Amino acid sequence: MVPESDRITFEAGDIICEHGEPSDHVMYVLSGEVAMEHSPGLLVELDGKVTTFKRGSLLGESSAILKRPYVGTLVGFSSGAYARVRADRVRADIAKCAKLPKMIILNQAHKLDQAYGFIMTNYKNASRGQVKEVFEPDHSLGDFFEEGVSK
C-alpha cells in the first residue's frame, strides 16, 4: 500500500480535507502538525491548547473504511507533509484480512466515526474526557502504516 501513496506537503492554514467531502483518501502524517476545526475557523482544543495530530497519526481512516464523508475539516497547524493513500486501496487490503482482524478494524472504524461525529456536533458541550478520548494518538490505526511510510 505504501508505494502507492502520494507525498503531499502543507503549510499552516492549508486545508487538507473538508467536513462533508467524500473520503477518497486516508492520510498519514509524516511531519508537522494537523489540527481539526470543530466550527469554521475554530480549532479543537484540550485544556486551552489546540489539539494536533503529529507524525504517525492516521487521518480519515474511519470515514474512508466506512465510505462516509469526512467528519471534520483538517488544516495544517504547522508546515509538514503527509502520505495519502486512496481509500479504495485501504478497503481492498482490509477485505483481504481474516475474519477476526477485519471485524476488529471495522468495529474500531465505527467507534471512531461515532466519537468524532459526536464531538463535531456537540463540541461546546463535550467533556474534557470525551475530547481527549477522540484525540489521543493511540486510538488511530497509524501503527499499521508506520514502518513503510516513514521511509
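These questions and answers concern a predicted model.

Me: Which residues of helix α2 are buried?
Reply: Helix α2 runs over residues 87-95. A residue counts as buried when its relative accessible area is under 20%. In α2 the buried residues are A87, V90, D93 and I94.

Me: How wide is the arc that the buried residues of α2 cover around the axis?
Reply: An α-helix has 3.6 residues a turn, so residues three or four places apart point the same way. The buried residues of α2 are A87, V90, D93 and I94. They lie on the same side of α2, because the arc they cover is only 125°.

Me: Which elements do the buried residues of α2 pack against?
Reply: The buried residues are A87, V90, D93 and I94. Their partners include strands as well as helices. The elements are β3 (25-31), α1 (61-66), β11 (80-86) and α3 (99-121).

Me: Is I104 buried or partly exposed?
Reply: I104 lies in helix α3 and belongs to a nonpolar surface patch with L100 and M103. Together the three have about 320 Å² of accessible area. The relative accessibility of I104 is 49%, and exposed would require over 50%. I104 therefore counts as partly exposed.

Me: Where is D47 found, and what is its phi?
Reply: Most residues other than glycine have a negative phi. D47 has a positive value. D47 is exposed, with a relative accessible area of 57%. It is found in the loop between β6 (45-46) and β7 (49-50), and its phi is near 55°.

Me: What is the relative accessibility of K67?
Reply: K67 is in the loop between α1 and β10 (73-76). K67 is not a glycine, yet its phi is positive, about 55°. K67 counts as exposed because its relative accessibility is 64%.

Terms used
Residues are numbered from 1 along each chain as its sequence is written. This is a predicted model: local features need pLDDT of at least 70, side-chain atom pairs count only at pLDDT 80 or more; totals for chains, interfaces and linings use all residues. Side-chain values use heavy atoms; hydrogens and water are left out. Buried means under 20% relative accessible area, exposed over 50%, partly exposed in between (1.4 Å probe, protein chains only). Helices (H or I, at least four residues) and strands (E, at least two) are DSSP runs, numbered from the N terminus. The arc is that of the directions from the helix axis to the C-beta atoms. Contact means heavy atoms within 4.5 Å. Patches are made of residues with over 30% relative accessible area and no salt bridge: like charges are joined within 9 Å, nonpolar side chains (Val, Leu, Ile, Met, Phe, Trp, Tyr) within 5 Å. Accessible areas come from the Shrake-Rupley method with a 1.4 Å probe; for residues, only the protein chains shown count as cover. A salt bridge is a side-chain nitrogen of Lys or Arg within 4 Å of a carboxyl oxygen of Asp or Glu.
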